[in-house]
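Here is a short report on one protein model. Take a look at the sequence and the structure before reading on.

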Amino acid sequence: MPDRLTSPLSRALRSWEALLIVVAVAVFIANAFASPYFLNAWNLSDATFNFTEKAMIAFAMAMLVIAGEIDLSVASIIALASTAMGVAMTAGFGTPALVAVGIATGVLCGALNGVFVARLGLPSIVVTIGTMSLFRGISYIVLGDQAFTGYPEHFAWFGQGYVWWVFSFELVLFAVLALAFYILLHRTNFGRSVYAIGNNPTAALFSGIRVDRVRFILFLLTGLTSGIAAVCLTSRLGSTRPSIATGMELEVVTMVVLGGVSILGGSGTIAGVVLAAIIMGLVTFGFGLLNVPGIVMSIFLGLLLIAVIAIPRLLRRRGT
Amino acid sequence: ETKRIALVVKALGIGFFEAANKGAEEAAKELGDVEIIYTGPTDTTAEGQIEVINSLIAQGVDAIAISANDPDAVAPALKKAMERGITVISWDSGVAKDGRQMHLNPSSSALIGNTIIKLAADHMPDGGDVAILSATSTSTNQNIWIEEATKVLPNYPGVNLVATVYGDDLADKSYREAQGLIQTYPNLKAIIAPTTVGILAASQAVTDAGKIGSINVTGLGLPSEMAGAVESGATVSFAIWNPIDLGYAATMLAYNISNGAKAEPGASIPMGRMGAATLDDNNEAAMSDPFTYDKSNIEEFKSIF
Amino acid sequence: MTAPTPPQLVLRLSGISKSFPGVRALSEVQLDLYAGQVTALIGENGAGKSTIVKVLTGIYQPDGGRIEIDGAPVSFPTADAAARLGVTAIHQETVLFDELTVAENIFIGHAPLNRFGLIDWAKMEAEARALLARIGADLDPRLTLRELGIASKHLVAIARALSIDARVVIMDEPTAALSHKEIHELYELVERLKAEGKAILFISHKFDEIFRIADRYTVFRDGAFIGAGRMEDVTEGQLVQMMVGRSVDQIFPHRAHNIGAPVLTVSGYSHPTEFEDIGFTLHRGEILGFYGLVGAGRSEVMQALFGITKPSKGACRIGDGIAVIRSTAEAIAQGIVYVPEDRGKQGAVKGLPIYQNITLPSLSRTSRSGFLRLAQEFKLARDYTRRLDLRAASLDQDVGLLSGGNQQKVVIAKWLATKPRVIILDEPTKGIDIGSKAAVHEFMAELAAEGLAVIMVSSEIPEILGMSDRVIVMREGRIAAELKGPEMTPERLVRAAAGIAEAA
Amino acid sequence: MTRFLKSREILLALAILLLVAVIATRFPAFVAPRNLAGVFNDTSPLIILAIGQMIVILTKCIDLSVAATLALCGMVAAMLNGAGLPLPLILLAAIVLGAALGAVNGLLVWKVDIPPIVVTLGTMTIYRGIIFLISEGKWINAHQMTAGFKDLPRTEILGLHVMSWIAIAVIAGGAVLVNRTALGRSFYAVGGNPHAAVYTGIDVGRTQAVAFVLSGALAGLTGYLWVARYAVAYVDIAGGFELDVVAACVIGGVAIAGGAGTILGCVLGALFLGVIKNALPVVGISPFWQLAISGSAIIIAVAFNARQGRARGRIILRSAEARA
Ligand SMILES: Nc1ncnc2c1ncn2[C@@H]1O[C@H](COP(=O)(O)OP(=O)(O)OP(=O)(O)O)[C@@H](O)[C@H]1O
Ligand SMILES: Nc1ncnc2c1ncn2[C@@H]1O[C@H](COP(=O)(O)OP(=O)(O)OP(=O)(O)O)[C@@H](O)[C@H]1O
Ligand SMILES: [Mg+2]
Ligand SMILES: [Mg+2]
């Protein structure tokens, strides 16, 4: 018996990622024709801000969804982490401490979700709808109608700074996290258990995988990446309001699903999420250059989401 | 070569901003070599405005005139725009000082603050409780007006400000907040809503509660939207400046600054038929006085804006 | 021999075939059912008995063949259609709704309506009570099903089948989970149905039962029709011969019984609702059989040993030390592994390739500091699949695409790869074909010979008797008997499992 | 009916009564019948939508597009009103359009087999977008609506607004549907055990599609009520309201995994949120607390429900069966 049925190359060519690459290239070319401003290094660099923060969370969310769970509280975690940074700033903390506070708040929020889901066995969709209100609610209690402004000057670098030429800090961080999550999901035991849990949690448990621990860690990871995104977003906006990042959870989930991660768990890749992030970024930017209102873009993304999932299913049905 | 001036609004679809766009187009026609890009997010968020600003930067527009959802959050993006040589001014709802070259207030904030209190006080000879129903808690302009209003409160003895609540410029939320005010404060004599969404919702709530005559709704509204409330008596009078003039003036200012007019304290920059804007120490200027509407003149204006 | 009137043919199946991916479950089988007669359908596990039931009740659509009722061709596109044509079934697995009441479970799909067309609850409950009384079940129709044990659930399933006024009644292993008394009441019911002129298809693995109530038989083997006839014309030996295609005692491998030191000692294991006071000792090189009716609680005990369910009291010694097993990971670390009964749900991770299934519990050995090493994984997988003679296109084929027997091999390979001391096999040959079955038996013997301690849970008496050194019989969550050597007779097993006193 | 009064509903009802009582000690005016009627009236849209959502959740699906459906139907109703259509036709159009939008969800779930959460995530943005396209983003304000259009929901009959009466009718209809009809029971069957549902001749996909149609129709009806009540229609009305609707169901004890839940629980869940929403401004707690409070309520409710319904495992010991 051979180890592998088909070469990895031929498999890759028939995969979801191949479809996404085609879509991405098509969107890129369409944009280049539609607007004379598109093919410009600085403009393209600016366009990346449309997706980098969401994509950071989407990597962790992808793993969570592959494991058969979901976290709808990510945007609210951003609000709470940003509020915590604001409080820390008012207390006179410096930039490194602010970053630490933001990330730590994210991890704590993730841990709370993790306890509810992994320890108490509650359904994650409901728990995170609850914590979604709770986390943002705390921000509202702290801030009310106020805002935190006046973050230290160095702090602006995380959301506005450039590492080299057109490569912003956020873009580089996005790439680094993509690589890290690629390794974690596809190259480690932990990643393997995530797939096993997503495909069959009972069999995974019967195979000696500490299912609850894995789930808990996955919630920590979405919390962590939300905390990181909170640092970037707060730095980019230079201020904190409790309404920060409203509705972002749905964009993150859309990105994950568009990236080919099965919402029922069990399959999906980081490469797919990266491509989906780029497609969503290109679409929003391209429409933006044509001054198309954001809501029209979201119709397009909604249709794209349903179409990319429906078309393979319909074709398969006709095939059999 | 035509100048491309972007009129960035808080959200698309709001009557006030549609009217401002009319004014901008009027200015463009008058100037001849101007193209107006009317744009904005579909909901009133800073993030949405930032995406819009980024795409305007990429298009290399000549000027951005913005009514901001958040004075601080949009500032970094606008700073970047200025670095790339784009003229940036704010109008209606301002941007933090370093995020724009100048700000055009529709009127002087002190005047507006005073007007909204006065409109309420004029119709409550015996004094009593009043409450404020504002837009979002982060709206710069509303917050400044409320601040100014509280400052002049001592000049109106007997007028007792009992609460300030926020309807987020959402019709349903504003309605509920107004309802809450009516229930909580049995002696309420007036609701002041310095926002067009809020004043509409509040007058609806007062009508539904059967309190026409005992609670007067006032504040800032559009004649076209408020005609019904004035007719029913829920609102005796309200004020607003002309949004068409505001859009016109903002466009004129953006055009002139982009053509080299210096925006610095004390400078006077022409704005077409609206005269000239004189900048104060914060590079802010006021356009004109608010104008009061009541039964006597509403018919005349309701078809205009 | 003159029958007064020849029995009337009600239902005739001919040339029925049905394939699943990788399995041909039925190939051109035939089956006749007569009014007022009980036809027994006999065949080994996986012979296709339940599949034909599902074809007859509109759950599966056959790939080909004819179904006739009273000589007219019919088809059953849905479960509804089958019921309307007068075919009803008690399915092998209880297909009921935990959140609904007993009465609703009986009547869902055809509940009695009042004159406004609304469900008449009072009437439904009264009718449910009457139906339950008819089968001798003392259940409150208003209880939710979740509150019942498996035997009661089975009675509800029987009542449901009877709630449809059918001409054809199918019973797929109806007695497997019932107690002695309930079984007798079921027999009486079957007699009554016969008298009412219903055509009955009765599926069972118990020969005494078949000889007691059936008038005719039909035998399937590996999805094919082997033969049919009248019960009075056939002996038990002939039926067995037809079922397995060879004589029984050849099936099991001969093995030396080299029983060594104790490996696992369990004492006083209890659980609030599932089992009580379980104790036994297992030795190196031993195969310990666990027998009982389905639902006796054997799987639950095994899962407690494997760290899945937590026992409320009791102790467990492995080798010399007290072992505390709180999770499956700890069980594996202690050298206990469990090959579960429900391959689909608990054993194989469908959606993952073969090699990943095999290495799943051994990842700590194939990886280096948490990072996967594919070459190592393939090596381990290759070693064990070769040993078990796995048939697959490649090691990265999805396990879900394999046949049942090959899936079972993957699951066993996965556990052997952890190099355990104790291996628990729960119904290891359930639903796998004869060839694979022999391979599994062969293999178990080998493992024991290598010094592994083996626990085998099985509901098949020949398998239990053929393979075990010692047998523990469980009934309703308790140990009913421990039998060894000459005590190990089918008779005594059945008596202990059913709770019948020993014959004097 | 007593059979449906599980302890969960009683506890929730007690919690609501306690909440109201605590408020009443400080603000007696809150419990004036008129005010309570007002609270009920304000909660009516939530109740109607929660009943639709419950039916969808019963079948193991979820409908995230309810608020968008509501907004689209409301906008169309307002536009038809502007076009001079008589009120009964407007109502009919709103309901039919809602049902059609629900059917789109349902068909994608049934025929194309896309997971409900993905379908409704997609249609939620699409439906909102369509509002923008048909309205060009413009608001329709009170003065652009006819008096009849605005007055229907706020007309008072026997001390309650018509909107409240409609909610009561939907509650009654919903209760009859899920308790007394074959279709209603099949919602429970499909969600409780889809595999077994097939054995009883129930078409799982079709039943789920029907649930979406019902949810859509109720959202359409609510769309008209909402727009007429608040006398405004624009793209973002009821933005994010889908989460309140799901929350009401969850607090009311509807199991997110399907197959379990009652109309009464669902109504109580909605009322719980409604009382909090209405009470906060009265009690003088800053409205900024509202989010955190309803979030905590969701978590407490789900933890509580999970504890109650915790699978007891198999019951093998005879002695244990009686106790269960
Ligand atoms: N849905 C299915 N998908 C794939 N294979 C199936 C399916 N249902 C049955 N099979 C296979 O078809 C064959 C016949 O199964 P069936 O359940 O009819 O056996 P059976 O005679 O009822 O056995 P038992 O006595 O164990 O109940 C088996 O090999 C089984 O694995
Ligand atoms: N209380 C129950 N409710 C529903 N199904 C049950 C229940 N108990 C058992 N079953 C089903 O019956 C079948 C066999 O029962 P189960 O595996 O529990 O037997 P067991 O307790 O393991 O005993 P054994 O292994 O001795 O048969 C399984 O398909 C299982 O899902
Ligand atoms: Mg069978
Ligand atoms: Mg078992």
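What follows covers two chain interfaces, two metal sites and one residue of chain B.

The model is predicted.

**Chain A with chain B**

Start with the pairing of chain A and chain B. Here 28 residues of chain A are in contact with 23 residues of chain B. Between them the two chains bury about 2,100 Å², and 48% of that lies on carbon and sulfur atoms. On the side of chain A, the residues that lose the most area to chain B are L237(A), R241(A) and N291(A). Together they account for 27% of what that side buries.

Charged and polar pairs cross this interface. Five salt bridges are found between chain A and chain B. D46(A) and R84(B) form a salt bridge through their side chains, with 3.1 Å from N to O. The count of residue pairs in polar contact is 11. Helices α3 (41-48), α12 (211-237) and α14 (270-289) of chain A each supply at least two residues of the side that touches chain B. The largest share, four residues, comes from α14(A). By type, this side of chain A divides into 12 nonpolar, 11 polar and five charged residues.

Helix α3(A) has further details. Its buried residues are N43(A), S45(A), D46(A), A47(A) and T48(A). So D46(A), with under 20% relative accessible area, is among the buried residues of α3(A). At the start of α3(A), a side-chain oxygen of N40(A) comes within 2.8 Å of the backbone nitrogen of W42(A).

**Chain D with chain A**

Now turn to chain D and chain A. In this pairing, 39 residues of chain D are in contact with 41 residues of chain A. The two chains bury about 3,300 Å² between them, 87% of it on carbon and sulfur atoms. Zero salt bridges are found across this interface. Two residue pairs are in polar contact.

On the side of chain D, helices α5 (116-135), α11 (241-251) and α13 (290-309) each supply at least two residues. Helix α5(D) gives the most, with 14 residues. This side of chain D divides into 28 nonpolar, seven polar and four charged residues.

The table sets out the two interfaces.

| Interface | Residues in contact | Buried area | Share on carbon and sulfur |
|---|---|---|---|
| Chain A and chain B | 28 residues of A, 23 residues of B | about 2,100 Å² | 48% |
| Chain D and chain A | 39 residues of D, 41 residues of A | about 3,300 Å² | 87% |

**Two magnesium sites in chain C**

Which residues coordinate the magnesium ion (ligand 3)? They are S50(C), through OG, and Q92(C), through OE1, at 1.9 to 2.0 Å. S50(C) lies in helix α1 (49-56) and Q92(C) in the loop between β6 (87-90) and α3 (102-107), so the pair ties together parts of chain C that are 42 residues apart in sequence. S50(C) counts as buried, at 18% relative accessibility. Q92(C) is partly exposed, at 34%.

The magnesium ion (ligand 4) has donors from S299(C) (OG) and E341(C) (OE, twice), lying 2.0 to 2.7 Å from it. S299(C) sits in helix α9 (298-305), and E341(C) in the loop between β16 (336-339) and α11 (343-347), 42 residues apart. S299(C) is buried at 7% relative accessibility. E341(C) is partly exposed at 24%.

**A residue of chain B**

T195(B) is found in the loop between β8 (188-193) and α7 (196-208) of chain B. T195(B) counts as buried, at 4% relative accessibility. Beyond four places in sequence, T195(B) touches L133(B), S134(B), A135(B), Q142(B), D169(B) and L220(B). T195(B) and I298(B) are 103 residues apart in sequence and 18 Å apart in space, C-alpha to C-alpha.

Note on methods: Residues are numbered from 1 along each chain as its sequence is written. Chains are lettered from A and ligands numbered from 1 in the order in which they are written. This is a predicted model: local features need pLDDT of at least 70, side-chain atom pairs count only at pLDDT 80 or more; totals for chains, interfaces and linings use all residues. Side-chain values use heavy atoms; hydrogens and water are left out. Donors are N, O and S atoms within 2.8 Å of the metal (3.2 Å for Na, K and Ca); water is not among the atoms, so sites may look incomplete. Buried means under 20% relative accessible area, exposed over 50%, partly exposed in between (1.4 Å probe, protein chains only). Contact means heavy atoms within 4.5 Å. Buried area is the accessible area (1.4 Å probe) that two parts lose on being put together, summed over both. A salt bridge is a side-chain nitrogen of Lys or Arg within 4 Å of a carboxyl oxygen of Asp or Glu. A polar contact is a pair of N or O atoms within 3.5 Å; within protein, one must be able to donate a hydrogen and the other to accept it, and residues adjacent in sequence count only if both atoms are side-chain atoms. Ala, Val, Leu, Ile, Met, Phe, Trp, Tyr, Cys and Pro count as nonpolar, Asp, Glu, Lys and Arg as charged, and the others, Gly among them, as polar.
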